[in-house]
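User: Could you take a close look at one helix pair for me, and at what surrounds it? Please spell out the cut-offs as you go.

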Amino acid sequence: MRDLKVPEQRHPEKAHRPDNAQPRKPSWIRVKAPTGDGYNATKKIMRDNKLVTVCEEAGCPNAGECWSQGHATMMIMGEICTRGCTFCNIATGRPNALDTFEPGRVADAVQKLGLNHVVITSVDRDDLEDGGAEHFAQTIRAVRHRSPKTTIEILTPDFLKCDDSVLKVVVDAKPDVFNHNLETVPGLYPTVRPGARYFHSLRLLQRVKELDPSIFTKSGIMVGLGEDQQSVKQVMDDMRAADVDFLTIGQYLQPTPKHHGVDRFVTPEEFASYEKAAYGKGFLMVSATPLTRSSYHAGDDFAKLRSARNAKLGQA
């Protein structure tokens, strides 16, 4: 029986890779270990509903803070991904069949947590004809039914091997925010995100806006993988050309020695310069800090995003 807690079984595709040194984190990266009643209450709701969270599976450094406030990012369609990205700590392999009751359990957890805003993500499911698009749609509809006032943000895979029509299935379910991360600059895709295609992901985000201009689009990248500032700013330009509203930039943190090495730790000052540049290029919302992750402070950021759009429309 495969034990996903054992690194060699969790990442069989990485088992024979040479180790990359894991440099000591600078002071601005370190976070407190998760504790407290709020954290434990959130954990219990996740366990009782048999739900997987990307907070745990990806080893997010902000899990303690978010869970203490009752916020968790639900990860649907199982805990095993069909891709083997070199930066990611989610287990790789052949996933199990979809759980038809999962959308209802996600909706139940959202209601119990009393969330004003929920983030729902997933593993890549290249084994499914629609990549899991219908499962995403069912989950959105289930949450809407149980918690009609909760705003919904989804963080989707790229649906690379699917017919173009599957994207409309997700968009028609009307999430409030459609997030798909580019993850890194195009020149690093062969070593960081080998199963994906940069311009396909960019086009996916553009098509969401074409299908439903009212949906906010969001994307993010990691820095510290070996990119330079010019390539990061080019990604910003590409995103704006695709009409992406919200950009996140965070520091890459290496999960294990078998994962892609950290090229460097980007300083808070450099993150601030990225934020300034991104706002100058026209993004409605930007989060660029060492600990920024796709769903970190997502609820607060959504409120700011909506206000920014309203202000922009008011000026038109």
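Here is the pair, followed by the core and the chain around it.

Analyst: Sure. This is a predicted model, so to speak from the record: local features need pLDDT of at least 70, side-chain atom pairs count only at pLDDT 80 or more, and totals for chains, interfaces and linings use all residues. Residues are numbered from 1 along each chain as its sequence is written, and side-chain values use heavy atoms, with hydrogens and water left out.

Let's start with α9, residues 198-211. Helices here are DSSP runs of H or I with at least four residues, strands are E runs of at least two, and both are numbered from the N terminus. α9 has 14 residues and spans 20 Å from first to last C-alpha, close to the expected 20 Å; that expectation is 1.5 Å times one less than the number of residues. Its buried residues (under 20% relative accessible area with a 1.4 Å probe, protein chains only; exposed is over 50%, partly exposed in between) are Y198, S201, L202, L204, L205, R207, V208 and K209.

The partner is α10, residues 229-241, which packs on α9 at about 40° with the axes 9 Å apart. Axes are lines fitted to C-alpha atoms over the stretch in contact, and angles run from 0 to 180 degrees between N-to-C directions. The two helices are therefore oblique to each other: under 35 degrees would be roughly parallel, over 145 roughly antiparallel, 65 to 115 roughly perpendicular, and the rest is oblique. On the α9 side the contact (heavy atoms within 4.5 Å) uses Y198, L202 and Q206, and on the α10 side V235, D238, M239 and A241. That splits into 5 nonpolar, 1 polar and 1 charged, where Ala, Val, Leu, Ile, Met, Phe, Trp, Tyr, Cys and Pro are nonpolar, Asp, Glu, Lys and Arg charged, and the others, Gly among them, polar.

Now the core. M239 is among the residues with the most contacts inside the largest nonpolar core, alongside I120, L182 and I249; that core has 70 residues. Such a core is a set of buried Ala, Val, Leu, Ile, Met, Phe, Trp, Tyr and Cys residues joined through side-chain atoms within 4.5 Å. Leaving out neighbours within four places in sequence, L182 touches residues including Y198, L202, V235 and M239.

R240 also sits in α10. Beyond four places in sequence, R240 touches K281, G282 and F283; R240 and F283 are 43 residues apart in sequence but 7.1 Å apart C-alpha to C-alpha.

Zooming out, the chain has 12 helices and 10 strands, and 53% of its 316 residues count as buried.
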